[in-house]
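Student: I've got a protein model open and I'd like to learn how to read it. Can we go through it together, step by step?

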Amino acid sequence: MADRTFYLTTPIYYVNARPHLGHSYATIAADAMCRYRRLRGDRVYFLTGTDEHGERIAQVAAAAGMTPPAYADQISRAFRETWQRLGITNDDFIRTTEPRHAKVVQAILQKLYDAGEIYFGEYGGWYCYGCERFYTEKEIVDGKCPDHQTALTFIKEKNYFFKMSKYQDWLIKHLEDNPGFIQPERYRNEVLGFLREPLQDLSISRPKARLQWGIPLPFDDQYVTYVWFDALINYVSALEYPDGALYKDFWPHAEHLIGKDILKPHGVYWPTMLKAAGIPLYKRLDVHGYWTIGGGKMSKSVGNVVEAFELTDKYGHDAFRYFLLREMNFGLDASFSEEALVGRLNADLANDLGNLASRATTMIVNFGGGRVPSPGPETDEDAVVRAALARAALDVDEAMEEFAFQRALSAIWEFLGVVNRYVDATAPWALAKDPSKRGRLDTVLYALAESLRATGILIEPFLPEAAGKIRAAVGGAPARLSDLAWGRLAPGTAVHKVSGLFPRIEPDKSSTGAAKIPMADFAKVELRVAEVLAAERLPKSKKLLKLTVKVGDETRTVVAGIAEQYEPGSLVGRKVVIVANLQPATLMGVESNGMVLAAEHEGTLALLTLDKDVPPGSQVK
Ligand code: MSP
């Protein structure tokens with residue numbers, strides 16, 4: 001990416017409903033992108049805000065028994081506070097009811113009127129109040145709005161029209177000459193699809209006799225501005241078009257992030273408006289798909305609303321953010337569920353990331369005296385980690401160019417996988433037992449510290465809170481992509497333990513623990529003391545040990561997932577507790593007859609052993 005200046009906008013949200021998951025996604029995605037660009041050292045301006053005029057707002061305000069301004073104030077504040085709580089790093093928050101915005105809308109209207117781009121005429125058509133736009137015969141499905149599935153209203157009235165139709169060929173050519181103007185490509189094709197039909201002129205006013213709640217037309221005080229014409233202009237009014245320093249600096253680098261539902265206004269109305277007003281076009285439109293719940297579209301006007309906060313507060317902002325960015329393939333629809341969120345939290349965050357951070361820092365503290373050691377010569381094993389980081393950094397950059405958050409995250413997780421395997425393969429706990437391996441141990445601990453430091457930089461756009469904690473644990477350097485280069489971490493840097501980054505969530509359990517069961521159910525479980533006679537690793541697994549145990553007179557095989565924390569040799573002769581009456585299960589080709597019990601806390605396992613000697617086979621109750 002050569003462009004080092006970046007201006008990114010979100011849609012400005014209608015104030016007819018409180019913020020929900022769909023809005024949160026757009027704002028979080030924009031925030032992740034802006035954080036990434038700042039991490040690269042780019043100059044960034046990030047705008048969001050609220051869209052406050054129009055019939056829809058006037059209707060809901062009336063239904064709530066409030067004036068439109070009072071209603072808009074309340075909801076706009078809810079959006080602003082929501083973004084603050086989510087840690088969104090927007091530089092400005094524009095409201096279309098602000099004088100700074102109205103002034104620019106009127107200036108642009110006047111300019112277009114003076115240039116003969118606007119005329120007075122009559123139009124009759126089918127209007128959707130949900131979308132605040134007319135639908136053409138071709139777009140109407142079963143007499144209803146295809147988006148809202150509600151009845152349309154036939155409206156015929158005299159209005160001012162923008163001569164949009166005359167820009168049809170120009171816009172087609174622009175899209176053909178600039179394949180990257182709208183991405184992903186499917187949406188560019190969709191706009192080209194709209195443009196295969198004759199483009200109508202755009203009604204840009206509403207008579208005051210019917211609607212008061214809007215910006216008055218500067219050339220006719222009997223009319224207010226159509227809400228889309230008003231709203232789109234926020235992207236330049238916030239920069240103080242035409243003379244503001246922000247406008248001059250940032251407008252040439254503008255990208256708009258939008259949902260697919262508002263493709264037509266952004267992909268057709270807005271470029272033609274800009275062209276007619278003599279304003280250079282935005283650089284790119286980045287279009288995301290829809291979150292669905294149980295297969296249906298989720299939006300405030302259709303009902304089925306999910307308050308973003310319910311889940312962010314329950315699982316944490318980072319986890320919520322991560323889920324949204326990881327789960328949606330940018331441009332396509334995705335399905336939201338709490339179970340899927342918990343699944344990602346446990347697997348990707350608690351396990352892959354949280355465990356690694358806790359294990360690596362614990363080992364540096366325990367085996368390295370809490371300081372980053374000086375590394376010795378690099379082996380092939382270490383080089384793999386270094387190369388994986390370089391690969392991840394490149395892949396992330398490529399993915400972010402296309403707003404492909406899901407790919408950026410999977411690239412980072414590839415790297416975490418390499419580091420996790422490196423820990424298993426180098427087994428620092430074993431090296432620590434052998435003084436002659438001190439040099440090797442130092443090299444491994446250095447690589448772990450360096451990997452964590454890099455992780456604290458790479459995940460910053462996606463998991464800002466966790467990134468801050470990880471960086472603080474390994475020296476506390478600020479996050480900069482240019483510091484990713486391997487070897488920047490000075491030996492001697494103090495390291496402290498990271499724990500509880502992402503506690504595992506046990507699904508379907510109350511906060512006080514597991515669901516209560518009757519005593520009779522527990523009595524079905526047969527727990528017995530078992531003595532370990534032999535233990536060996538299963539060749540294909542990093543987690544599993546094959547244990548041969550004695551239970552009374554019987555000898556049996558039990559497979560246990562403890563290989564990462566227990567050396568096979570250290571177990572022989574020990575007495576453990578097993579579930580003795582489980583149905584056999586085959587794990588990695590070995591039949592297991594029972595299950596070894598261990599406690600788990602933040603990735604640390606503790607085997608259940610006995611504090612007095614009793615013979616193997618004794619019952620545990
Ligand atoms: N006010 C207009 C935008 C004007 S921009 C000049 C508007 N507002 S909105 O509040 O109804 O929706 C704003 C955006 O929220 C949508 O474009 C979309 O990006 C996002 N979403 C609303 N529901 C959504 C989902 N269910 N899923 C994903 N995003 C959705 O339209």
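Tutor: Sure! Keep in mind that this is a predicted model. Let's begin with burial: a residue counts as buried when under 20% of its relative area is accessible. Here, 53% of the 621 residues in the protein are buried.

Student: And how much surface does the protein expose?

Tutor: About 26,500 Å², with carbon and sulfur atoms supplying 52% of that. As for its extent, the C-alpha atoms fill a box of roughly 95 × 60 × 40 Å along the principal axes.

Student: What about charges: how many positive and negative side chains are there?

Tutor: Count each kind, then ask where each set is centred. The protein has 73 positive and 78 negative side chains, and the two centres lie 2 Å apart.

Student: How many helices and strands does the protein have?

Tutor: You'll find 20 helices and 27 strands. To see how the chain comes together, look at contacts between residues at least 6 apart in sequence: 74% of these join residues at least 24 apart.

Student: Can you show me how to read a sheet? In what order do the strands β10, β11 and β12 come?

Tutor: Read across the sheet, rather than along the sequence. The order is β10-β12-β11, in an open sheet with antiparallel pairing. The edge strands, β10 (205-207) and β11 (216-217), each pair on one side only.

Student: Which residue stands opposite Pro 216?

Tutor: That's Val 224 in β12. Strand β12 covers residues 220-225, and two bridges join β12 to β11, with the two running antiparallel.

Notes: Residues numbered from 1 in each chain as written. Predicted model: local features only at pLDDT ≥ 70, side-chain atom pairs only at ≥ 80, totals over all residues. Heavy atoms only, no water. Helix = DSSP H or I, 4+ residues; strand = E, 2+ residues; numbered from the N terminus. Buried < 20%, exposed > 50% of the residue type's maximum accessible area, 1.4 Å probe, protein only. Contact = heavy atoms within 4.5 Å. Areas by Shrake-Rupley, 256 points an atom, 1.4 Å probe, with all protein chains shown as cover. Lys, Arg positive; Asp, Glu negative; His and termini not counted. Charge placed at Lys NZ, Arg CZ, Asp CG, Glu CD. Pairing = 2+ DSSP bridges.
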